[in-house]
Every structure is written in C-alpha cells, then in structure tokens.
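Biologist: Before I rely on the terms used for this model, I would like to hear the reasoning behind them.

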Amino acid sequence: MQTLDNFNFTGQKAFVRVDFNVPLDENFNITDDTRIRAAIPSLKKILSDGGSVIIGSHLGRPKKAEDKFSLKHILPRVSSLLGVEVQFANDCLGKEAVEKSAALKAGEVLVLENLRFYAAEEGKPRGLADDATADEKAAAKKAEKANQKEMAKQLASYATVYVNDAFGTAHRPHASTAIIADYFDVEHKTFGYLMQKEIDAVETVLKNTARPFTAIMGGSKVSSKIEIIENLLTKVDNLIIAGGMTYTFTKALGGKIGNSICEDDKLDLALILIEKAKANNVNLVLAVDAKAADAFSNDANTQFVPVNAIPDGWDGLDIGPETEVKFAEVIEKSKTILWNGPTGVFEFDNFAGGTLSVGLAIVRATEKGAYSLVGGGDSVAAVNKFGIADKVSYVSTGGGALLEFIEGKELPGIKAIRGY
Ligand code: AMP
C-alpha cells in the first residue's frame, strides 16, 4: 500500500477528500477552523512535490444545493492557510468541475462545491413521498446506489491519485469517501496524514496495548454507548463509567437517583454489563458520590451526596470529590487510556470540576509515560476548554467514526484504501 510520504506527486493530480465541515456563524464566518488546519499538511505535501489538488468535501447536511451550505464561504481561509489562491468550481459534477479540473496545473488547487448537494454522494434517495410503497422505496434506493457509482466514477475521472484525509466521515460508505477508491489501483490511492495519524492512534490503543488499559466512558446516555462499552469489556482492565450514564447504573443497582437523567428501559442492560465486566475480569469503576443540583442550571443550589442517595427533586450533574479521587487513582496507574465523554454537565462551569479532574489525571498519567487517546465531540471540547489538548497523547478529530472504529467495525473509508 502507498503512503503519502512514499508517493511522489510530481505531475499528478490528486483528488483529496477532506472534512471541511466547519462551523459558520450567521455571516458565514468560520468560527473554528481546526478541521481545515488538520488537512493542510497533506495538501502541502502534494503541492510541494509538484502535484495539483482537487479538494472534495461536504459542509453541513444539505438536502439540496443551498447557498448557506456552499463551500465558497471557506475559500479565503483555505487560500490563506495553504498560501495558494484556490480556485472554485460551483458544482462538483457539472461542466465547470470537469473543465477546471482538466485545466489544473502543478501547484494549483481547485475546491469543488459541496458534494452533498447531490443525494448520490450519500447514496440515499431524497424527497420520497411519505406514502411511497415498499417497492417504490426499494426502486428509489437502487437508483440512488447506481447514481452513487456514477458520481464516484466521475469524481475519480478528474484525478490520477485518490487521497482520503477525512477521518470524520470514514464510517460512511459515500461516493467520495469509499466508492471512488474502486476507480484507482492500489498504487494510486492512499491515506492523508491526518487519517493515518487517527488510524495509528486507535491501533496503538487496541492492538499494541500497554497495560493496564483504562477506558473512561462519560456522556449522557447508555444507549448511544452500548456497543462500544460491550466491545471495551473484552479489551480493557478498567472501565470507568461517568456522566449521565452513572444514574442508569445506580438505579439498576437499587440506588435513589432523584431527578437525575436515567434510561429506564436500559436498567436490565446495565445489570448485564456489570455481569459481563465480572465475567471478563474487568474492574468496572462507578461513581460513589455526586454533585447534585436543585435545577438544571449553572446557578442551581448544590450539595455533595452519595450517588445512590440523591434526594427527590435533586439532579446529579457531576461526580463528587470522593469519586474524583477514586477515578484519578485508577487513571494514574494506567499505561493506556481512552477517554470519551464528560463526567458531568461540563458546559456549566459549576459542574465542570469532575471532567477537569479526569482530564488532569490523564495528563499526569501521560507525563508518566501512558498513551492517552481522547475522542468524541464533547471530550474534545472539554480538553480544549481546559487547555490540556497538547498534554494528552492524541486528540481525535472523529466523533462517530472514532467510536465505530473502536467498536471494532470496519470503516468503509479505511477499507476502501487498505482492504480491511
Ligand atoms: P454524549 O454526547 O453522549 O457524549 O454526551 C455529552 C453530554 O452529556 C454533554 O452535553 C453533557 O452535558 C451531558 N452530561 C454529562 N453528564 C450529565 C449528567 N449527569 N446529567 C445530564 N447530562 C449530562
């Protein structure tokens, strides 16, 4: 398999799938350009070799071509970060895209309009009538899959090499993230630097695991994390459960949780996970105390209470001090750490303390030589908020893609290039 470093792009035209899905304000100013910055090293490598670049990306979740989702809004930032005045094709498939990509010279960059302006990118029919029959739905699906192949084929025809640097969409089997790779031989497709770093980080955690291996799973709901928790129970030595999930476990064990967030239909599952942890010799670490609030507000009255004795009308919004110590002890003895999800409602400063304490324990463990991977939207926001992003080993740019990768699923964007 090719790597970006081994490939000489001289005279080559690269179609680079990036994730420029950046947040924009109401005046279309970019409010966080992390994702654009993350792709710049790959783009610069291609250009400095003497290649040219055709950039494909999505922005938002458009259901049709819409100005507010146009990639034209981000062109000035891409130009300034790359140091090259980038060109733009106002359609990713039309005549303009074909002509501009054909005319592209070494050192030049062309940004294509939002790939998701076409339903074919995702390969899912849009605008199906609510009362469509099952046959009509199946026919529409089949037609869109065929369109998806055509779209992938056309995008591929613009370039001589395919580079995928969009880890955030690697779990999607889309035209530009996976299907397109079928139109390049194995010597002419490769991962970008960002994608390769993400793959290496997950594989360091899951394959070359230094032990003890501790995963900290936080966030709001058990239901969105079941698969990953089950998968981790076959891999980790310690599993710390934090955040809103705590209360589903606590209630399942017979505790009183007051008004705390809880998924009543997942109580049995919580007990099953506890049993599985025992059977697999995994040390399942649950909170022992909570910072409870009398309202879901930063200004609520608060008290520290045992996690299983939260008074009626009170809501556990963060872990308490005893739990902070308990979690930190486990984390600091670890050699591999995976962190996904806050321990509480960290968006409120008064309930961010537990998340900060976990972050700092991870930093201390990392200083002592542990490998720490932080991933998933909210934990990334948390490490950024606390200014510790550069003190952990790796902060993933992937949300869903990261979780699916850790769950052990094959990611279409990765498989399309390396075959597994
Ligand atoms: P997730 O998207 O599942 O990772 O969940 C992240 C969200 O969980 C954040 O917005 C937190 O505010 C929320 N969260 C964490 N702990 C709690 C809690 N104890 N009660 C309610 N929400 C929580």
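**The ligand and the empty space**

Modeller: In this predicted model, the shell around the ligand comprises, by class, four nonpolar, six polar and three charged residues.

Biologist: What makes Glu347 a polar contact of the ligand?

Modeller: A polar contact needs a pair of N or O atoms within 3.5 Å; a polar side-chain atom of Glu347 is 2.4 Å from an oxygen atom of the ligand, so the pair meets that limit. The protein covers 81% of the 510 Å² of accessible area that the ligand has on its own.

Biologist: Which backbone atoms lie at such distances from a nitrogen atom of the ligand?

Modeller: A backbone N or O atom of Gly316 lies 2.9 Å from a nitrogen atom of the ligand, and for a polar backbone atom of Gly244 the distance to a ligand nitrogen is 3.2 Å; both values fall within 3.5 Å, and therefore both pairs count as polar contacts. Gly316 and Glu347 are also among the residues that come nearest to the ligand, together with Ser220, Lys225 and Asp378, out of 13 around it.

Biologist: Why is Asp165 counted as charged in the lining of the largest cavity?

Modeller: Asp belongs to the charged class, together with Glu, Lys and Arg, so Asp165, which lines the largest cavity along with residues including Asp19 and Arg35, is counted there. By class, that lining has four nonpolar, two polar and three charged residues.

Biologist: How many cavities of 30 Å³ or more does a search of the whole structure find?

Modeller: The search finds one, and the volume of the largest cavity is about 60 Å³.

Key: Residues are numbered from 1 along each chain as its sequence is written. This is a predicted model: local features need pLDDT of at least 70, side-chain atom pairs count only at pLDDT 80 or more; totals for chains, interfaces and linings use all residues. Side-chain values use heavy atoms; hydrogens and water are left out. On a 1 Å grid over the protein atoms alone, a cavity is a set of points where a 1.4 Å probe fits but cannot get out, and a pocket is an open set with protein on both sides within 12 Å along at least five of seven lines; lining residues have an atom within 4 Å of a point. Grid points are joined across faces, edges and corners, and a volume is the space filled by probe spheres set on the points. A residue is near a molecule or strand if one of its heavy atoms lies within 4 Å of it. A polar contact is a pair of N or O atoms within 3.5 Å; within protein, one must be able to donate a hydrogen and the other to accept it, and residues adjacent in sequence count only if both atoms are side-chain atoms. Accessible areas come from the Shrake-Rupley method with a 1.4 Å probe; for residues, only the protein chains shown count as cover.
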